[in-house]
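The following exercises ask the reader to reason from a structure to statements about individual residues. Each task is followed by a solution in steps.

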Amino acid sequence: MEELLVTIAKGLVEDPSAVNVTADEPSEDGTVVYHIHVAEDDMGRIIGKQGRIAKAIRTVARAAAIRANTKVVVEID
């Protein structure tokens, strides 16, 4: 899942070397929280107008998680 999020984020930003994805330990209900960190100048590119790109990233991550029979939450830091 981390590789998927890194690949998506690197395709959107101008500084792909600043992209970093971290994962928290699973919570009690099995949900894993992934944090996407990008350069300050690229925050607008990863969030998009009215959050449309961020919603799309979350949708793709949830779809991949369903195939892996897990639950995920994606946060952009």
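The model shown is predicted.

**Exercise 1. A charged patch**

Task: Determine which residues gather in a patch of negative charge on the surface.

Solution.
Step 1. Asp and Glu count as negative.
Step 2. The residues that gather in the patch are D24, E25, E75 and D77.
Step 3. One of them, D77, is placed in the segment after β3, the strand spanning 71-76.
Step 4. A patch residue must have over 30% relative accessible area. D77 has a relative accessible area of 37%, so D77 is partly exposed.

**Exercise 2. The salt bridge**

Task: State how many salt bridges are counted, and identify the two residues that form a salt bridge with closest N and O atoms 2.3 Å apart.

Solution.
Step 1. The criterion is a side-chain nitrogen of Lys or Arg within 4 Å of a carboxyl oxygen of Asp or Glu.
Step 2. By this rule, one salt bridge is counted.
Step 3. E14 and R45 form a salt bridge, and their closest N and O atoms are 2.3 Å apart.
Step 4. E14 belongs to the loop between α1 (2-12) and β1 (20-23), while R45 belongs to helix α2; the pair therefore ties together parts that are 31 residues apart in sequence.
Step 5. E14 has a relative accessible area of 59% and is exposed, whereas R45, at 39%, is partly exposed.

**Exercise 3. Positive phi angles**

Task: Explain what is notable about the phi of Q50 and of N69, and locate each residue.

Solution.
Step 1. Most residues other than glycine have a negative phi.
Step 2. Q50 is not a glycine, yet its phi is positive, at about 55 degrees. Likewise, N69 is not a glycine and has a positive phi of about 60 degrees.
Step 3. Q50 is located in the loop between α2 (43-47) and α3 (52-67). N69 is located in the loop between α3 and β3.
Step 4. The cut-off for an exposed residue is over 50% relative accessible area. Q50, at 69%, is therefore exposed, and N69, at 73%, is therefore exposed.

**Exercise 4. A residue in a strand**

Task: Decide whether T31 is buried or exposed, and name the residue whose side chain is joined to that of T31 by a polar contact.

Solution.
Step 1. T31 is placed in strand β2, which covers residues 31-37.
Step 2. Buried means under 20% relative accessible area. The value for T31 is 12%, so T31 is buried.
Step 3. The side chain of T31 makes a polar contact of 3.1 Å with the side chain of D29.

Technical notes
Residues are numbered from 1 along each chain as its sequence is written. This is a predicted model: local features need pLDDT of at least 70, side-chain atom pairs count only at pLDDT 80 or more; totals for chains, interfaces and linings use all residues. Side-chain values use heavy atoms; hydrogens and water are left out. Patches are made of residues with over 30% relative accessible area and no salt bridge: like charges are joined within 9 Å, nonpolar side chains (Val, Leu, Ile, Met, Phe, Trp, Tyr) within 5 Å. Accessible areas come from the Shrake-Rupley method with a 1.4 Å probe; for residues, only the protein chains shown count as cover. The place of a charge is taken as NZ of Lys, CZ of Arg, CG of Asp or CD of Glu. Helices (H or I, at least four residues) and strands (E, at least two) are DSSP runs, numbered from the N terminus. Buried means under 20% relative accessible area, exposed over 50%, partly exposed in between (1.4 Å probe, protein chains only). A polar contact is a pair of N or O atoms within 3.5 Å; within protein, one must be able to donate a hydrogen and the other to accept it, and residues adjacent in sequence count only if both atoms are side-chain atoms.
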